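Visitor: Please take a close look at the ligand and its surroundings. I would like the polar contacts and the parts of the chain that form the shell.

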Amino acid sequence: MKVVTSVAGMKALARQWKKEGKKVGFVPTMGYLHEGHLSLVRESKKRADITVVSIFVNPTQFGPNEDFKKYPRDLEKDSAYLEKGGVDCLFYPDAAEIYPPGYRTYVEVRGLQDRLCGKSRPGHFQAVATVVLKLFDIVGPGLAFFGAKDAQQVLIIGKMAADLDLDTEVVTCPLVRDPDGLALSSRNAYLSPEERKAALVLSISLRWAERAIAAGERDAAKAIAGIRAAIEAEPLARVDYVEAVDPVNLEPLAEICGDVLIALAVFVGSTRLIDNIRLHV
Ligand code: AMP
């Protein structure tokens, strides 16, 4: 596996692959890799000739009181994991390489960036869209793979790619869970054993809503209230938001009907976790 840390080095490789007619698959990550990340790598290996993974803990997408400094990092373990997963190239730039002094350019995906997680994390998706656009330009992928765990993120990146006529196809891959239902996340590493147990309330409450909807519930407010009540019954958990929205424009739904995204963010102790389900009713 090649490890590249400079933008110039990565661009030179991308140019070479292009000349050789190779299709590049790209998996952007913030590292501290788990099976969810690996599922994206496997999909890329199936569909592309070359698989590039980036590890970049993007400072601009963290709010001033968020966990940028303590975000878990383990490059050695991640590299071994990627090598074993058959990844061709790891792009591992530092912040100064991506944002040289005087950096000023940002991308917005208006109307989508301020909903759901964007309400509690102002500026987050502008920063995500910006860094992903830069990474696409540097790596030159024909395909880029994102997880459905971050439903709003992949929607925003897909919209950006379409609106800007990018040559990168954005592929959404299924959400990977632990056997007990907890969505895999690098941030699960923050949880104490008690918090890890309490965190099950996210997936349990979503599964409850799924059953209620299958049994005929169509009132979004009632479904949301049920999810909230389940989360509020867990002493270590605190709701940030629970919403049922149209998965294309993220506008809140009054009625559970057609394509529905139920998304939530919950603090378990001081760790903010997200989860969601997609339904077609
Ligand atoms: P992150 O390192 O958390 O920024 O995530 C990098 C990519 O992995 C994003 O596209 C995420 O949506 C995806 N990802 C993270 N966790 C999961 C999961 N549990 N299942 C599927 N994809 C995931």
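Guide: In this predicted model, a polar backbone atom of Gly147 sits 3.0 Å from an oxygen atom of the ligand. The side chain of Asp150 also takes part: one of its N or O atoms is 2.6 Å from an oxygen atom of the ligand. At Leu184 the partner on the ligand is a nitrogen atom, 2.9 Å from a polar backbone atom of that residue. The ligand taken alone exposes 480 Å², and 93% of that area is buried by the protein.

As for the secondary structure, two or more residues of the shell come from each of β2 (24-29), α2 (35-47) and β5 (143-147). The biggest share belongs to α2, which gives three residues. Counted by residue, the shell around the ligand has 16 members. Asp150 and Leu184, already named for their polar contacts, are among the closest, together with Met30, His37 and Val176.

One residue outside this topic may also be of interest to a biochemist, namely Glu234. Glu234 is found in the loop that links α10 (220-232) to β7 (237-245). Glu234 is buried, yet it has no salt bridge. The nearest side chain of opposite charge is that of Lys197, 9.8 Å away, whereas a salt bridge requires a side-chain nitrogen of Lys or Arg within 4 Å of a carboxyl oxygen. Apart from neighbours within four places in sequence, the residues in contact with Glu234 are Ala198 and Val201.

Terms used: Residues numbered from 1 in each chain as written. Predicted model: local features only at pLDDT ≥ 70, side-chain atom pairs only at ≥ 80, totals over all residues. Heavy atoms only, no water. Helix = DSSP H or I, 4+ residues; strand = E, 2+ residues; numbered from the N terminus. Buried < 20%, exposed > 50% of the residue type's maximum accessible area, 1.4 Å probe, protein only. Lys, Arg positive; Asp, Glu negative; His and termini not counted. Contact = heavy atoms within 4.5 Å. Near = heavy atom within 4 Å. Polar contact = N/O pair within 3.5 Å; in protein donor to acceptor, adjacent residues only side chain to side chain. Areas by Shrake-Rupley, 256 points an atom, 1.4 Å probe, with all protein chains shown as cover.
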